[in-house]
Amino acid sequence: MPELPEVEHAARCLRTWLEGRVVLKAEAADTRIFRGADRRAFARRLAGRRLERIDRRGKNLLLSFEGGVGVWSHLGMTGKWVRRAPVATGAARERAPSHSRARLRLDDASVLHYCDPRLFGRIAVHEGTPLAELPEIRALGPDPLLDGIDAGALHDKLSRSARPIKVALLDQAVLAGIGNIHATEALFRAGIDPRRPGNRLDRALVEQLALAIRASLDHAFVINGPGEIAYLSEGGHVQNDFLIYDHAGEPCPRCGRTLAKMTQAGRTIAWCQRYQT
Ligand SMILES: [Zn+2]
């Protein structure tokens with residue numbers, strides 16, 4: 001599932017592919033990733049427009065085109081943008097990637113496909129209002145990569161609710177971009193029991209947690225490397241380099257005890273009952 005590092009990776013790829021390019025044609029092949037009038041707007045409003053900038057806030061990709069047209073892309077659980085390079089004259093046409101749901105045909109003859117096997121992703125089109133000013137984007141908490149993590153501010157936010165810390169970390173208004181993987185990893189790195197109420201973490205522990213979140217994200221940047229995003233769920237051929245995520249039943253990397261499994265708010269995670277207190 002894409003979290004901050006994967007979406008940042010997607011933003012960097014899209015910048016390379018789209019910088020200075022003009023969309024010749026936009027095709028909305030599958031209705032299920034669009035809502036309301038977005039499918040028609042995608043197909044009609046993008047043709048002839050040059051990209052101005054690409055931003056990322058948390059797990060949201062914000063593509064701004066000239067003329068005040070913006071495309072908001074959320075990758076959901078399995079979404080990714082894939083580029084197909086221009087085909088040399090006479091060469092065989094490269095096959096479209098599987099699960100291609102929407103396409104941008106660019107003026108360098110390349111095609112960007114939005115692929116999404118499980119269809120939890122969304123594409124929305126906005127005109128007039130800059131994407132960064134949409135209420136849903138403004139409601140996001142600080143982005144650890146763009147804004148850093150202010151331990152004092154995080155402590156304040158967490159102190160307002162007795163929600164388990166793991167659940168609080170998934171709230172995008174607390175920190176934007178953290179999901180199940182990095183909440184699990186960061187709580188392990190900081191030695192915190194995922195069930196502990198958020199308002200019971202003292203300032204020193206929140207500082208430790210802030211460092212752990214940053215370390216977990218940095219680790220993901222290293223293991224992602226260049227190229228297309230690959231998700232752990234893709235048939236098991238993607239190596240799981242996380243410390244404990246999806247490693248329940250295996251020995252804890254810190255103490256050797258078998259990692260336990262627990263379900264919280266519908267999400268299953270691994271944790272160490274000895275080390276995380
Ligand atoms: Zn352990």
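**Exercise 1. Burial and overall form**

State what share of the 277 residues in the protein is buried, and describe the overall form.

Solution.
Step 1. Buried residues account for 48% of the 277 residues. Buried means under 20% relative accessible area, exposed means over 50%, and partly exposed lies in between (1.4 Å probe, protein chains only).
Step 2. Note the kind of model. The model is predicted, so local features need pLDDT of at least 70 and side-chain atom pairs count only at pLDDT 80 or more, while totals for chains, interfaces and linings use all residues. Residues are numbered from 1 along each chain as its sequence is written, and side-chain values use heavy atoms, with hydrogens and water left out.
Step 3. Count the elements: there are 7 helices and 10 strands. Helices (H or I, at least four residues) and strands (E, at least two) are DSSP runs, numbered from the N terminus.
Step 4. Compare with the rule. The radius of gyration is 20 Å, close to the 19 Å from the globule rule for 277 residues, so the protein is as compact as a globular protein of that length. The radius is taken over C-alpha atoms, and the rule is 2.2 Å times the number of residues to the power 0.38.
Step 5. Along the principal axes, the C-alpha atoms fill a box of roughly 60 × 40 × 30 Å.
Step 6. Turn to contacts, meaning heavy atoms within 4.5 Å. Of the contacts between residues at least 6 apart in sequence, 66% join residues at least 24 apart.

**Exercise 2. Helix α6 and T184**

Determine how many of the 11 residues of α6 are buried, and describe the surroundings of T184.

Solution.
Step 1. In α6, 10 of the 11 residues are buried, so the helix is largely enclosed by the rest of the structure. Among them are N180, H182, E185 and F188.
Step 2. Place T184: this residue is found in α6, which spans residues 180-190. T184 has a relative accessible area of 2%, so it is buried.
Step 3. Look for a polar partner. A polar atom of the T184 side chain lies 2.6 Å from the backbone oxygen of N180. A polar contact is a pair of N or O atoms within 3.5 Å; within protein, one must be able to donate a hydrogen and the other to accept it, and residues adjacent in sequence count only if both atoms are side-chain atoms.
Step 4. Leaving out residues up to four places away in sequence, T184 touches K166, I244, Y245, I269 and A270.
Step 5. Look past the helix end: just after α6, G191 takes a positive phi of about 70°.

**Exercise 3. Positive phi in two loops**

Find where L119 and D246 lie, and decide whether each is buried or exposed.

Solution.
Step 1. Recall the background: most residues other than glycine have a negative phi.
Step 2. L119 has a phi near 65°, a positive value in a residue other than glycine. L119 sits in the loop between β7 (111-115) and β8 (122-127). Its relative accessibility is 15%, so L119 counts as buried.
Step 3. D246 also shows a positive phi, about 65°, and is not a glycine. The loop holding D246 runs between α7 (203-224) and β9 (260-264). With a relative accessible area of 57%, D246 is exposed.

**Exercise 4. R101 and E66**

Describe the places and contacts of R101 and E66.

Solution.
Step 1. R101 belongs to strand β6, residues 100-106. At 10% relative accessibility, R101 is buried.
Step 2. A polar atom of the R101 side chain lies 3.3 Å from the backbone oxygen of P117.
Step 3. Not counting residues up to four places away in sequence, R101 touches several residues, including D30, R32, Y114, D116 and L119.
Step 4. E66 is in the loop between β3 (60-65) and β4 (69-74). At 30% relative accessibility, E66 is partly exposed.
Step 5. With residues up to four places away in sequence left out, E66 touches G48, R49, R50 and E52. E66 and L46 are 20 residues apart along the chain, and their C-alpha atoms are separated by 9.3 Å.
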